[in-house]
Amino acid sequence: MQLIFDRVVTKKTPGEFRTRVIRDGVHPSLHIHYKNFDLKQYFKEGRGCRTEGTFRNPNDFGVNKGLSNLPYRQKIGREINRRLLEVERVSHNSGLSGDSIQRVVQPTVTADGEKAPALQFGQPRVMALFMALTLFHHLIDGFHNRDLRALVVDLLGVTSKEYTASQMTYDLRRLRLKGLIFRPPKTHRYFLTPHGWKIARLFTRLETRVFRPAMAMFTSNDAVVPFPLRASLNRVDAQLDELIYRAFPQAKAS
């Protein structure tokens, strides 16, 4: 809500806030309600995606109802539409090239000659960092050292003494040198870059949807690997054995 409408939503904010996805045949529609504002996304005549909003009370956005304010209301509406489309675009397209990923997981040197330590995929501390960065409200107001540290401490399941402010500062430096976050001059607030948002989303999705379920499947005592996957793994093992036997024929003979 905050990201799309650029307004803080708390427990004291009046109104009902909800999101609904309605499926009508094969054409779904998205409905988002903020106070008295309705944001709808659907397929116009089943051919093209249409995003439109309806102001029922312009005062929800600090604007009077006079006709002289119509251009300003149109500007607000377009900005709301743009932010929704941007969230959808980034959320569903977090793919990156192999070189981009390697620059994150391997040590690099910046154009200014600074050494940027690696952010290794799978390392619990790094994965907690990326997961904490995927929160939408970071895209609006950014975050401070203490804000991100509290989230990382919670995700790691440790105490603040075990993950210190100095460690958080080191991790922020790694993220900054990798181009994932930036800090405006003369401030202590950090903001995600578009590249940083993609990296955080991609790494978090890979960890939670691919590697973690796969490791649980292979290491569990009562795990049952699906037959197509088991057959494919058996073929891989057979090909590796054949490659080894060709390199060391005596091993096969013995």
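A salt bridge is taken here as a side-chain nitrogen of Lys or Arg within 4 Å of a carboxyl oxygen of Asp or Glu. In the predicted model, the side chains of Arg125 and Asp171 satisfy this criterion, with an N to O distance of 2.9 Å. Arg125 belongs to helix H4 and Asp171 to helix H7 (residues 165-177), so the pair ties together parts that are 46 residues apart in sequence. The two partners differ in their surroundings: Arg125 is partly exposed, at a relative accessible area of 21%, whereas Asp171 is buried, at 0%.

The protein chain as a whole contains 10 helices and eight strands. Of its 254 residues, 30% count as buried. Among contacts in the chain with a separation of 6 or more, 49% are made by residues 24 or more positions apart.

Helix H4, which contributes Arg125 to the salt bridge with Asp171, also packs against another helix. Helix H4 (residues 124-133) and helix H6 (residues 145-156) meet at an angle of about 125°, and their axes lie 9 Å apart. Angles of 65 to 115 degrees count as roughly perpendicular and those over 145 as roughly antiparallel; H4 and H6 are therefore oblique to each other. The crossing of the two helices is right-handed. On the H4 side, the contact is formed by Pro124, Arg125, Ala128, Leu129, Met131, Ala132 and Leu133, and on the H6 side by Leu148, Leu151, Val152, Leu155 and Leu156. By class, this contact comprises 11 nonpolar residues, no polar residues and one charged residue. Arg125 thus appears both in the contact with H6 and in the salt bridge with Asp171.

In total, seven salt bridges were counted in the model. One of them joins Glu52 to Lys40, with the closest N and O atoms 3.8 Å apart. Glu52 lies in strand S4 (residues 48-55) and Lys40 in strand S3 (residues 37-44), so this pair links parts that are 12 residues apart in sequence. Both residues fall in the partly exposed class, Glu52 at 22% relative accessibility and Lys40 at 31%. Lys40 and Glu52 are further joined with Arg50 into one network by salt bridges that share partners.

A salt bridge within a single helix is also present, between Glu79 and Arg82, where the closest N and O atoms are 3.0 Å apart. Both residues are located in helix H2 (residues 70-92), at a spacing of three residues, or about one turn of the helix. Glu79 is partly exposed, with a relative accessible area of 29%, and Arg82 is likewise partly exposed, at 43%.

Backbone geometry was also examined in two loops. Lys35 adopts a positive phi of about 50° although it is not a glycine. Lys35 is located in the loop between strand S2 (27-34) and S3, and S3 is the strand that carries Lys40. With a relative accessibility of 25%, Lys35 counts as partly exposed. Lys186, also a residue other than glycine, has a positive phi of about 65°. Lys186 occupies the loop between strand S7 (181-182) and strand S8 (191-192). Unlike Lys35, which is partly exposed, Lys186 is exposed, with a relative accessible area of 89%.

Methods
Residues numbered from 1 in each chain as written. Predicted model: local features only at pLDDT ≥ 70, side-chain atom pairs only at ≥ 80, totals over all residues. Heavy atoms only, no water. Axes fitted to C-alpha atoms, helices over the stretch in contact; angles between N-to-C directions. Helix = DSSP H or I, 4+ residues; strand = E, 2+ residues; numbered from the N terminus. Parallel < 35°, antiparallel > 145°, perpendicular 65-115°, else oblique. Left-handed = near helix turned anticlockwise from the far one by under 90°. Contact = heavy atoms within 4.5 Å. Nonpolar A, V, L, I, M, F, W, Y, C, P; charged D, E, K, R; others polar. Buried < 20%, exposed > 50% of the residue type's maximum accessible area, 1.4 Å probe, protein only.
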